[in-house]
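Q: Could you take a close look at one part of this fold for me, the packing between a pair of neighbouring helices, and then tell me about the nonpolar core?

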Amino acid sequence: MNAAKANALTAAIAELPRVQLASIRPTPLEPLPRLIDHLDSPALFIKRDDLTGLAFGGNKTRMFEFALADALAKGADTIVAGAAVQSNYCRQLAAACAKLDLELHLILRPVRAIDRTESQGNNLLQHLLGAQITVLAESDKCGQQDALQAKVEELSAQGKNAYWPRREDTIDLDAIAYAEAGVEIARQCQEQGINPSYLYLSALDTTQAGLALGLAYIESPIQVRGFCPIANVENRHEDMAAIANQAACRLGLDVAMSAADFDNDDSFVGEGYGIPTPVGLDALRTLARKEGILLDPVYTSKALAGLFAHVRDGRLDGEAIFLHTGGNPALFAYAQEVLAD
C-alpha cells in the first residue's frame with residue numbers, strides 16, 4: 001500500500017457531504033481458523049460489513065452516508081427507490097430514512113410467489129421502519145423503472161422534493177463508499193501483519209467498482225474477485241469501470257480503470273436471482289457451523305460457494321479475505337430452503 005496515496009484518497013473523500021449512519025467503523029477483519037482447517041485452504045479472513053449497525057447492517061449503510069447527504073444537500077424531503085421485495089438495499093434505506101426523517105416510497109418487484117403474500121425478512125423490516133411500499137404484480141424491471149418515474153412525478157406534483165438515488169449522475173457515490181472501504185481493508189491488513197492476495201465478495205456494480213478503484217489507487221496488490229448475483233448481465237465489467245472512473249473524477253484521482261480490471265463471475269447464480277442454490281446453502285451452513293457467522297441465502301452464500309470452489313480447484317493460491325456484505329434478515333424469508341438439509 002502506498003501510504004501517501006491512501007491518505008490522499010481519505011482526504012478527498014472527507015471533502016464530500018456525508019451523514020453518519022454506520023455505528024461501527026472500521027468493521028472487524030477476523031480470521032477463520034476452523035473454516036481453514038475444514039477446507040484445507042490458505043489463510044482466510046472475513047471483513048464484517050454485516051456489522052455496520054443500521055437495521056442489521058450491511059454494505060449499503062456505507063453508501064447511504066454519501067447518497068443521502070447528497071439528497072439532503074439538494075433539499076430532498078422524500079426518497080423514491082426500488083428493487084426486489086427482499087432487498088437489502090431497501091431495508092437499509094428504510095432505516096436510514098427513518099433516522100434522517102425522510103419520507104420513503106419503495107416500488108418493489110416480487111421474485112417468488114411468496115413475495116406477493118407475506119412480509120418476512122427484509123420486507124418485514126421495511127414495513128416496520130415506516131416505508132410506504134408498493135409490490136408490483138410482476139417481476140418486470142422495465143415496468144418497475146416506469147413505476148418509479150411515475151412516483152417521482154406524482155410526489156413532485158404534490159409539492160414534495162423527491163430524490164431518486166443511484167441515478168446516472170450519482171451512482172458513483174455508492175462506489176466512493178467502497179473506495180474508502182478498500183483503504184480501510186488495506187490499513188487493517190497492515191496493522192494485523194497479513195498479506196492477502198484476494199478479496200472475494202458478492203457484487204454486481206458499485207461495491208466492486210469502489211473496491212477495485214480504491215485498491216488500485218493506493219497500489220495495493222489485493223485482487224478483487226466478485227461473484228455476480230444475477231446471470232447474463234451484459235457489459236457489467238464495462239459498467240463497473242465507468243462507475244469507478246466517474247468516482248475517480250469526482251474525487252480528483254489520477255487513475256483510470258478498464259473492464260479488464262474487473263473479475264466478476266456469474267456462474268454461481270444458479271436458477272436465478274434471489275433463488276438459493278444447493279452449493280450456496282451448503283456454504284452458508286458450513287460457515288455457520290464452523291465459525292458461528294451467518295450469511296444470507298442468495299448473495300453472500302453464493303459468493304462463498306465460489307470461494308470454496310476456488311479452494312477445491314486450486315485457484316486460491318494465496319491468502320484471501322471474504323467481504324461479508326450483510327443480508328442476514330433474508331434468512332427468515334427463506335427458512336424452508338435454509339433448513340432443508
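**A helix pair and the core**

A: Happy to! In this predicted model, helix 3 and helix 4 (residues 88-100) pack with their axes 10 Å apart and at an angle of about 50°. Angles from 35 to 65 degrees fall in the oblique class, and helix 3 and helix 4 are therefore oblique to each other. Their crossing is right-handed.

On the helix 3 side, the contact is made by Lys 60, Thr 61, Phe 64, Leu 68 and Leu 72. Helix 4 brings Asn 88, Tyr 89, Gln 92, Leu 93, Ala 96 and Leu 100 to meet them. By character, the residues of this contact are seven nonpolar, three polar and one charged.

Now to the core. The largest nonpolar core holds 46 residues, and those touching the most other members are Leu 9, Ile 176, Leu 199, Leu 211, Ile 218 and Leu 251. Helix 3 (60-73) is one of the elements giving two or more residues to this core, together with helix 1 (3-14), helix 7 (172-192), strand 7 (198-202), helix 8 (206-217), helix 9 (236-251) and strand 10 (320-324). The biggest contribution, eleven residues, comes from helix 7.

Leu 251 is a good residue to click on: leaving aside residues up to four places away in sequence, Leu 251 touches Leu 9, Ala 12, Ile 13, Leu 16 and Ile 176. Another core, of 32 residues, lies apart from the largest one, and its members include Leu 287, Leu 295, Ala 303 and Leu 304.

How values were computed:
Residues are numbered from 1 along each chain as its sequence is written. This is a predicted model: local features need pLDDT of at least 70, side-chain atom pairs count only at pLDDT 80 or more; totals for chains, interfaces and linings use all residues. Side-chain values use heavy atoms; hydrogens and water are left out. A nonpolar core is a set of buried Ala, Val, Leu, Ile, Met, Phe, Trp, Tyr and Cys residues joined through side-chain atoms within 4.5 Å. Buried means under 20% relative accessible area, exposed over 50%, partly exposed in between (1.4 Å probe, protein chains only). Helices (H or I, at least four residues) and strands (E, at least two) are DSSP runs, numbered from the N terminus. Contact means heavy atoms within 4.5 Å. Axes are lines fitted to C-alpha atoms, for helices over the stretch in contact, and angles run from 0 to 180 degrees between N-to-C directions. Angles under 35 degrees count as roughly parallel, over 145 as roughly antiparallel, 65 to 115 as roughly perpendicular and the rest as oblique. A crossing is left-handed if the near helix is turned anticlockwise from the far one by less than a right angle, and right-handed if clockwise. Ala, Val, Leu, Ile, Met, Phe, Trp, Tyr, Cys and Pro count as nonpolar, Asp, Glu, Lys and Arg as charged, and the others, Gly among them, as polar.
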